[in-house]
Amino acid sequence: MLINFNEIPARTVPGMNGGTGEMTAKMYIGEKGKIIPCTIHKGGSIGLHTQGTSDDINYVILGTGKAICDGVEEKLEAGVCHICPKGSEHSIINTGDDDLVLITIVVER
């Protein structure tokens, strides 16, 4: 299966899950999950939310930020992967001066 993200339009989402600022994302939605190349723009965040039905895997391509998962803060930078398992609560915050670029994989289970 080939997914060509060049053919998927980008969507801008203000205040994702009650967060701040804007996020831009291209989204593939399949039967067993999602693949989401996304950018949390400077000053933006994804608000605190619970992973009710899935694991959320976030691989950082560019930028700096922090993830808070079940109250534990983790530093994000290029080459780091943050995993929030099903049932956990997390948020992601861009703490840098540039965009925070991620590839997010959502695995339904």
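Which residue in β10 stands opposite Ile 68? To find out, open the model, which is a predicted one, and begin with the strands.

**Strand β10 and its two partners**

Select strand β7, residues 64-69, together with strand β10, residues 89-94; the two pair in the antiparallel sense over five bridges. Within this pairing, Ile 68 stands opposite Ser 91 of β10, which settles the opening question. Now add strand β5, residues 45-50, and you will see that β5 also pairs with β10 in the antiparallel sense, here over four bridges. A place to centre the view is Thr 50, which stands opposite Glu 89 in β10.

Stay on β10 and pick Ile 92, a residue of that strand. Ile 92 counts as buried because its relative accessibility is 1%, and the cut-off for burial is under 20%. If you then draw a distance from the C-alpha of Ile 92 to the C-alpha of His 82, the value should be 9.5 Å, for two residues that are 10 apart in sequence.

**Three salt bridges**

Side chains of opposite charge can pair when their charged atoms come close, and a search of the whole structure finds three salt bridges.

Select Asp 55 and Arg 109 and show their side chains, which meet in a salt bridge with an N to O distance of 2.9 Å. This pair links distant parts of the chain, since Asp 55 belongs to strand β6 and Arg 109 to the segment after β11, 54 residues apart. The two ends are also set in unlike surroundings: Asp 55 is buried, at a relative accessible area of 17%, whereas Arg 109 is exposed, at 55%.

Move next to Lys 66 and Glu 73, whose closest N and O atoms are 3.6 Å apart in a second salt bridge. Here Glu 73 is exposed, with a relative accessible area of 54%, while Lys 66 is partly exposed, with 24%.

To complete the set, select Lys 75 and Glu 77, where the side chains form a salt bridge at 3.8 Å, N to O. Lys 75 is exposed, with a relative accessible area of 62%, and Glu 77 counts as partly exposed, with a relative accessibility of 36%.

**A nonpolar patch on the surface**

Switch to a surface view and colour Tyr 59, Ile 61, Leu 62 and Ile 103, which form a nonpolar patch with about 330 Å² of accessible area together. Which strand gives the largest share of the nonpolar patch? The answer is strand β6, residues 54-62, from which three residues come. One residue of β6 to examine more carefully is Ile 61. Ile 61 counts as partly exposed because its relative accessible area is 34%, which falls between the limits of 20% and 50%.

**The largest pocket**

Rolling a probe the size of a water molecule over the atoms shows where empty space is left. For the last stop, turn to the largest pocket, which has a volume of about 300 Å³. There are 18 residues lining this pocket, and those closest to its centre are Met 16, Asn 17, Ile 36, Asp 56 and Val 106, so selecting these five is a convenient way to bring the pocket into view. To see the wider setting, show β4 (33-40), β5, β6 and β11 (100-108), the elements that give two or more residues to the lining.

Conventions
Residues numbered from 1 in each chain as written. Predicted model: local features only at pLDDT ≥ 70, side-chain atom pairs only at ≥ 80, totals over all residues. Heavy atoms only, no water. Pairing = 2+ DSSP bridges. Patch = residues over 30% accessible without salt bridge, like charges linked within 9 Å, V, L, I, M, F, W, Y side chains within 5 Å. Areas by Shrake-Rupley, 256 points an atom, 1.4 Å probe, with all protein chains shown as cover. Salt bridge = Lys/Arg side-chain N within 4 Å of Asp/Glu carboxyl O. Buried < 20%, exposed > 50% of the residue type's maximum accessible area, 1.4 Å probe, protein only. 1 Å grid on protein atoms, 1.4 Å probe; cavity = no way out; pocket = protein on both sides within 12 Å on 5 of 7 lines; lining within 4 Å. Points joined across faces, edges and corners; volume = space filled by probe spheres on them.
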